[in-house]
Amino acid sequence: MLTHTGTNTIETERLVLRRFRYTDDDAMLKYWVADEKIQSLYSEPVYSTKDEVKGLLDKYIGSYEREDYYRWAITEKGSDECIGQIAFFLVDNKNHFAEIEYCVGSSFQCKGYATEATRALIAYGFEKMNLHKVQICTKTINVPSKRVIEKCGFIYEGTLRDYFCMDGVYVGRLYFSILREEYESKK
C-alpha cells in the first residue's frame, strides 16, 4: 500500500533536496526558470520576473500542506542555492506508481547532479513511499536527460511518437520505469 510522507529533506553526497522557500526566487531566476531551453525541454513556461516566480513559489509552497505532494529544490551542500528542481509530479495512488520530473540549471549540468538527485528520489519512492513502480519520461531530443535516465537504471518502455509540437516540429516522448523488484535486486 502506498504511504504518503510529503516532501521531506533528502541528503545525498553533494546535494540537499529540500522544500522550496520564497528566498529561492533569485537563484531560480538566475539558474533555470528564466532559461528558455531548460524550461522547454520539460514543457514548462519561462518565468522572467520575481512576481512570476513568486506565483510559482506560492503554488509549490502552498501545496506542502498536503501529504501527497512531492517537490524539492535541488541545492548544493554548503551553498543552499536552488540550482534546479525535482518532483514526483504524478502520483497514482490506486496503482502505486509515481513519475519523476527534474531540471538543473545549465551551469550545473554534466556534473552528475541530476543523476544523484534522481537516484535519491527513486530510493525515497521505494523505501519511504512503498511504490511499486517509478517512471520517468523525456523528449527524444533531450539526449543528456536520456543519459541520466539510463545511468539511474530505468528500463525503456516505449515511445509516444510525435507527442510534442515544439516550434512546428514534432518530437516523441520516451518512457522508462523501474519496478520495485528491479530496484531491490540492484541495492
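Is Arg173 buried or exposed? In this predicted model, Arg173 counts as buried, at 12% relative accessibility.

## Arg173 and its surroundings

Arg173 is part of strand 8, which covers residues 169-179. The side chain of Arg173 makes a polar contact of 2.9 Å with the side chain of Tyr163. A further polar contact, of 3.3 Å, joins Arg173 to the side chain of Tyr175.

When neighbours within four places in sequence are set aside, the residues in contact with Arg173 include Phe89, Glu99, Cys137, Thr138 and Thr140. Gly158, Thr159, Leu160, Tyr163 and Phe164 are also in contact with Arg173. Tyr163 therefore appears both among these contacts and as a polar partner of Arg173, a residue that is buried because its relative accessibility of 12% falls under 20%.

## The sheet

The model contains an open sheet of 8 strands, arranged in the order 1-2-3-4-5-6-8-7 with mixed pairing. Strand 1 (10-11) and strand 7 (155-166) form the edges; each has a single partner strand, so one side of each lacks a neighbour in the sheet. Strands of a sheet pair through backbone hydrogen bonds, in either a parallel or an antiparallel manner.

Strand 4 (residues 82-92) and strand 5 (residues 97-104) run antiparallel and are joined by 8 bridges. In one of these pairings, Asp92 has Phe97 of strand 5 as its bridge partner. Helix 5 (residues 143-151) lies across strand 5, strand 6 (133-139) and strand 8. The angle between helix 5 and strand 6 is about 160°.

## Salt bridges

Across the whole structure, 14 salt bridges are found. One of them pairs Lys77 with Glu11, with the closest N and O atoms 3.5 Å apart. Lys77 sits in the loop between strand 3 (70-76) and strand 4, whereas Glu11 belongs to strand 1; the pair links distant parts of the chain, 66 residues apart. Lys77 is partly exposed, at 39% relative accessibility, and Glu11 is exposed, at 57%.

Asp80 takes part in salt bridges with two arginines, Arg18 and Arg21. The N to O distance is 2.9 Å for Asp80 and Arg18. Asp80 lies in the loop between strand 3 and strand 4 and Arg18 in strand 2 (residues 15-18), so this salt bridge ties together parts that are 62 residues apart in sequence. The N to O distance is 2.7 Å for Arg21 and Asp80. Arg21 is located in the loop between strand 2 and helix 1 (25-31), 59 residues from Asp80. Arg18 is buried, with a relative accessible area of 3%, while Asp80 is partly exposed at 35% and Arg21 is partly exposed at 39%. Together with Asp24, the residues Arg18, Arg21 and Asp80 are linked in a network of salt bridges.

## Cysteines

How many disulfides does the model contain? The count is 0 disulfides. Cys103 is in no disulfide, and the nearest cysteine sulfur, that of Cys82, is 8.1 Å away. A disulfide requires sulfur atoms within 2.5 Å, so Cys103 and Cys82 do not qualify. Cys103 is buried, at 5% relative accessibility.

Cys110 is likewise in no disulfide; the nearest cysteine sulfur belongs to Cys152 and is 14 Å away. Cys110 is exposed, with a relative accessible area of 78%.

How values were computed:
Residues are numbered from 1 along each chain as its sequence is written. This is a predicted model: local features need pLDDT of at least 70, side-chain atom pairs count only at pLDDT 80 or more; totals for chains, interfaces and linings use all residues. Side-chain values use heavy atoms; hydrogens and water are left out. Buried means under 20% relative accessible area, exposed over 50%, partly exposed in between (1.4 Å probe, protein chains only). Helices (H or I, at least four residues) and strands (E, at least two) are DSSP runs, numbered from the N terminus. A polar contact is a pair of N or O atoms within 3.5 Å; within protein, one must be able to donate a hydrogen and the other to accept it, and residues adjacent in sequence count only if both atoms are side-chain atoms. Contact means heavy atoms within 4.5 Å. Two strands pair if DSSP finds at least two bridges between them. Axes are lines fitted to C-alpha atoms, for helices over the stretch in contact, and angles run from 0 to 180 degrees between N-to-C directions. A salt bridge is a side-chain nitrogen of Lys or Arg within 4 Å of a carboxyl oxygen of Asp or Glu.
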